[in-house]
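Hi there,

Here is the structure I promised to pass on to you. Have a look at it first, and then read my notes below with the viewer open.

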Amino acid sequence: MSADPSPRFAGETPLQSAGSPPRGAPNQPATGLRPSAVEVRRSARRSRTVSAYREGDRTIVLIPARMSEAEEQRWVTVMLDKLAAQENKRVFGDAELAERAQRLSGQYFDGRALPTSVRWVTNQNTRWGSCTPAEGSIRLSHRLQGMPEYVVDYVLVHELAHLLVPGHGPRFWRLLEAYPRTERARGYLEGVVAADRLPHLPGARGE
């Protein structure tokens, strides 16, 4: 998880989908984008991919014709976020990452989660982040770089919570409830994982 003649394009995102008729839908874009209308275009020829691009002050999202309403809403959000990430690409350094962790700890955990180090790593390809409570260290996968800030913040909050509660029991998830964008961030990351695992079937931009 784009204005003619030089579109900003979120690319083809593979998916699995299921049913409803074509329609255009006004919507509000994700954080970081200016307000604009969102037009959803359905295609019977498109079966396993979703893509999005800017067309003037509109955002066009191309989806399979048989996708359900619920899937449509989910994937529109994912593709808006992908466009936002492309247009506002910002890579935090380790120092800024540590500062964000400190701010988030103060905001959501009253400053009780105190990591000794927070940094990016390139050897985490099967997880988004990790925490070693005994050392107080937090590591974030480089794959998060360029994703929407609320997604990076969610992973930081998740790992900060592990400094207070090591496992994933009820107490841990109660801590995560403090972060208001937990479900949206998890949905975004699930969409990225689904896109990585499903086969890519290229399609024409105007399908």
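What follows is a short tour of what turned up in it.

Please keep in mind from the start that this is a predicted model.

**The overall layout**

The protein has five helices and seven strands. Starting at the N terminus, the order of the elements is β-β-β-β-α-α-β-β-β-α-α-α. Of its 207 residues, 48% count as buried.

**Two nonpolar cores**

In soluble globular proteins, nonpolar side chains tend to be buried together. The largest nonpolar core here holds 34 residues, and F109, L140, L144 and L189 have the most contacts inside it. At least two residues of this core come from each of α2 (94-109), β5 (117-121), β7 (137-141), α3 (149-164), α4 (170-176) and α5 (182-197). Which element gives the most? That is α3, with ten residues. Another core lies apart from this one and has 13 residues, including A52, I63, V78 and M79.

L144 is a good residue to click on. You will find it in the loop between β7 and α3. Is L144 buried or exposed? Its relative accessible area is 0%, so L144 is buried. If we leave aside neighbours within four places in sequence, L144 is in contact with W120, W128, V151, V152, V155 and L189. Try V91 as well: L144 and V91 are 53 residues apart along the chain, while their C-alpha atoms are separated by 9.1 Å.

**Helix α3 and H158**

Let's turn to α3. This helix has 16 residues and reaches 23 Å from its first C-alpha to its last, close to the 22 Å expected at 1.5 Å a residue. α3 is mostly covered, since 14 of its 16 residues are buried.

H158 sits in this helix. Its relative accessible area is 11%, and because buried means under 20%, H158 counts as buried. The side chains of H158 and H162 are joined by a polar contact of 3.3 Å. Not counting residues up to four places away in sequence, H158 touches H168, F172, W173 and L176.

**Aromatic rings**

How many aromatic pairs are there in the whole structure? A search finds three. In one of them, Y154 and Y179 have ring centres 6.4 Å apart and planes at 35°, so this pair is tilted. Y154 belongs to helix α3 and Y179 to the loop between α4 and α5, so the pair ties together parts that are 25 residues apart in sequence. Both Y154 and Y179 are buried. Together with Y108, these two tyrosines form one aromatic cluster.

F172 and W173, which you met as contacts of H158, also form an aromatic pair. Theirs is edge-to-face, with 5.0 Å centre to centre and 85° between the planes. F172 is buried, at 0% relative accessibility, whereas W173 is partly exposed, with a relative accessible area of 30%.

There are also places where a charge meets a ring. R143 lies over the face of W128, at 4.1 Å from the ring centre. The charged end of R181 sits over the ring of Y150, 4.4 Å from the centre of that ring.

**V61 in strand β4**

Now move to strand β4 (residues 58-64), where V61 has its place. V61 is buried, with a relative accessible area of 1%. Leaving aside neighbours within four places in sequence, V61 is in contact with V38, E39, V40, R41, V50, S51, A52, V76 and M79. Among these contacts, A52 and M79 belong to the 13-residue core. You can also compare V61 with E72: they are eleven residues apart in sequence and 9.5 Å apart in space, C-alpha to C-alpha.

**One backbone angle to look at**

Most residues other than glycine have a negative phi. What is the phi of D110 near? The value is near 55°, which is positive in a residue other than glycine. D110 is found in the loop between α2 and β5. With a relative accessible area of 68%, D110 is exposed.

If you want somewhere to begin, L144 in the loop between β7 and α3 and H158 in α3 are two places to try.

Enjoy exploring!

Terms used. Residues numbered from 1 in each chain as written. Predicted model: local features only at pLDDT ≥ 70, side-chain atom pairs only at ≥ 80, totals over all residues. Heavy atoms only, no water. Core = buried A, V, L, I, M, F, W, Y, C linked by side-chain atoms within 4.5 Å. Buried < 20%, exposed > 50% of the residue type's maximum accessible area, 1.4 Å probe, protein only. Helix = DSSP H or I, 4+ residues; strand = E, 2+ residues; numbered from the N terminus. Polar contact = N/O pair within 3.5 Å; in protein donor to acceptor, adjacent residues only side chain to side chain. Contact = heavy atoms within 4.5 Å. Phe/Tyr/Trp six-rings, centres within 6.5 Å; stacked < 30°, edge-to-face > 60°. Lys NZ or Arg CZ within 6 Å of the ring centre and 35° of its normal. Expected span 1.5 Å × (residues − 1).
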